[in-house]
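User: I'm new to reading protein structures. Could you walk me through the reasoning behind a few of the terms?

Analyst: Gladly, let's take it step by step.

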Amino acid sequence: MLANRSVRRIALGGALLILAQSSRLLAVIAEPLPIGAALSQTSNVALLGQEQIVGVQLAEEYFNSKGGVGGTKIQVLVEDSAGDEASAINAFNALLRKNVVAIVGPTLSQQAFAADPLADKAKVPVVGPSNTAKGIPQIGTFVSRVSAPIAIVAPHALDAALKRNPQVKNVAVLYAQNDAFNTSESQTFQAAVKADKRLHLSTIQKFQTTDTDFTTQVSEVMKVKPDLVIISGLAADGGNLVKQLRQLGYKGLIIGGNGLNTPNVFPVCQKYCDGIMIAQAYSPEAPDAMNKVLIDLYQKKYKKMPGQFTAQAFTAVQVVVEALNTLHQKKKITSYDVKELRKELNQQILKQSYQTALGPISFDKDGEIIQKSFYVAEIRMGADSKSGTFAFLK
Ligand code: 1QQ
């Protein structure tokens with residue numbers, strides 16, 4: 001197609017731009033290959049996003065050390081998607097202007113519902129690294145995710161809690177109603193509690209991800225004398241809620257949702273984080289070869305084990321790189337028109353299987369991840385009330 005048009009090639013900051021005479025920017029296969037990452041680096045959501053940045057950076061380093069895409073290096077371009085929809089939209093637009101071949105992001109489902117349609121319209125593949133709400137892959141043809149739907153992951157935590165204390169009867173559920181993921185996750189928990197004849201859904205309390213004072217909700221929870229409290233919030237609000245619940249005397253089991261699934265919650269609830277049970281789509285104990293690779297890379301830098309958000313972000317980049325490598329075997333990657341490349345990349349992402357740190361994965365026709373193994377971890381805080389670990393339950 002390009003051959004029919006008169007094209008001019010200009011080198012610009014290391015990138016090779018191909019301009020059509022029509023002055024419409026036609027194709028950019030820049031070297032290194034630009035892969036966008038729209039992840040939260042500021043706001044409260046950075047408690048979750050920070051771990052993802054580490055994941056995409058380790059992936060960039062690792063896959064480049066393995067030759068990138070047929071010898072062409074990749075470059076992960078990070079834009080801060082902060083904590084709200086507008087910031088995610090800005091991050092996506094900035095990445096689209098940089099002619100990325102695909103986007104990994106954004107951090108929250110709430111943001112994905114707002115920003116993903118832009119990429120879908122521009123026909124740029126989006127691989128969700130942590131979007132777990134119902135309906136994400138259905139946003140559009142160009143949207144897939146490596147983060148297993150919360151409807152599949154979350155019930156594992158309820159099973160683990162009931163195994164820990166088979167006497168559980170009264171259950172209190174709390175969730176951040178201004179957030180799509182937390183609403184989705186809570187619906188899953190509520191349905192699972194209602195479906196279990198041993199359990200009674202005693203109260204449902206709502207809050208906002210921006211809340212810091214949970215006195216009202218906690219007093220309502222205490223009135224029903226729960227044996228189990230299930231919290232769907234993000235790290236800052238969820239962590240504070242746990243703290244206030246314990247400070248007001250709650251002694252029973254606590255399940256935290258995916259929004260609390262980070263060591264960054266430790267400074268928020270401190271010693272009160274101890275015992276929170278959280279379902280996991282990743283285990284550092286899984287035997288997969290790529291998990292060993294990730295753990296080695298991570299330990300060298302951080303002297304501890306990676307968490308789920310790091311592993312999923314690493315995997316999102318892996319998926320893009322491996323699908324690009326498959327395309328490269330058919331046709332040299334740098335000879336693609338960028339629009340053609342994105343379209344073929346999207347199809348290829350959905351077609352192949354991957355051996356990842358999350359185990360073997362593939363996608364269904366909608367771009368939903370197909371993953372086998374899920375886990376439950378429990379937070380164990382150290383005597384200093386600062387350090388803690390995620391202990392994986394057998
Ligand atoms: C979502 C989530 C968040 C907890 C990811 C950080 O699962 O928004 O879907």
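User: What makes the space taken by the ligand a cavity?

Analyst: This is a predicted model, and in it the ligand takes up the space of the largest cavity. The word cavity applies because a 1.4 Å probe fits at its points but cannot get out. About 90 Å³ of space lies in this largest cavity, and the count of cavities of 30 Å³ or more comes to three.

User: Where does the largest cavity lie, and how do you know?

Analyst: Domain 1 (32-148 + 288-363) and domain 2 (152-280 + 375-392) both give residues to the lining, so the largest cavity lies between them. Among the lining residues are Leu-48, Ser-109, Phe-181, Leu-234 and Phe-309. The shell around the ligand also draws at least three residues from each of the two domains.

User: Why is Ser-109 said to make a polar contact with the ligand?

Analyst: The cut-off for a pair of N or O atoms is 3.5 Å. A polar side-chain atom of Ser-109 lies 2.4 Å from an oxygen atom of the ligand, so the pair counts as a polar contact. Thr-132 passes too, with a backbone N or O atom 2.7 Å from a ligand oxygen. For Ser-130, a polar backbone atom is 3.1 Å from an oxygen atom of the ligand. As for cover, the ligand has 280 Å² of accessible area on its own, and the protein covers 100% of it.

User: How many residues in the shell around the ligand are nonpolar, polar or charged?

Analyst: Five are nonpolar, seven are polar and none are charged. Asn-131 and Ala-133 are among the residues that surround the ligand. Since Asn is not on the nonpolar or charged list, Asn-131 counts as polar, whereas Ala-133 counts as nonpolar. The lining of the largest cavity has five nonpolar, six polar and no charged residues.

Methods:
Residues are numbered from 1 along each chain as its sequence is written. This is a predicted model: local features need pLDDT of at least 70, side-chain atom pairs count only at pLDDT 80 or more; totals for chains, interfaces and linings use all residues. Side-chain values use heavy atoms; hydrogens and water are left out. A residue is near a molecule or strand if one of its heavy atoms lies within 4 Å of it. A polar contact is a pair of N or O atoms within 3.5 Å; within protein, one must be able to donate a hydrogen and the other to accept it, and residues adjacent in sequence count only if both atoms are side-chain atoms. Accessible areas come from the Shrake-Rupley method with a 1.4 Å probe; for residues, only the protein chains shown count as cover. On a 1 Å grid over the protein atoms alone, a cavity is a set of points where a 1.4 Å probe fits but cannot get out, and a pocket is an open set with protein on both sides within 12 Å along at least five of seven lines; lining residues have an atom within 4 Å of a point. A molecule sits in a cavity or pocket if more than half of its atoms lie within 2 Å of its grid points. Domain bounds come from an automatic or database domain assignment. Grid points are joined across faces, edges and corners, and a volume is the space filled by probe spheres set on the points.
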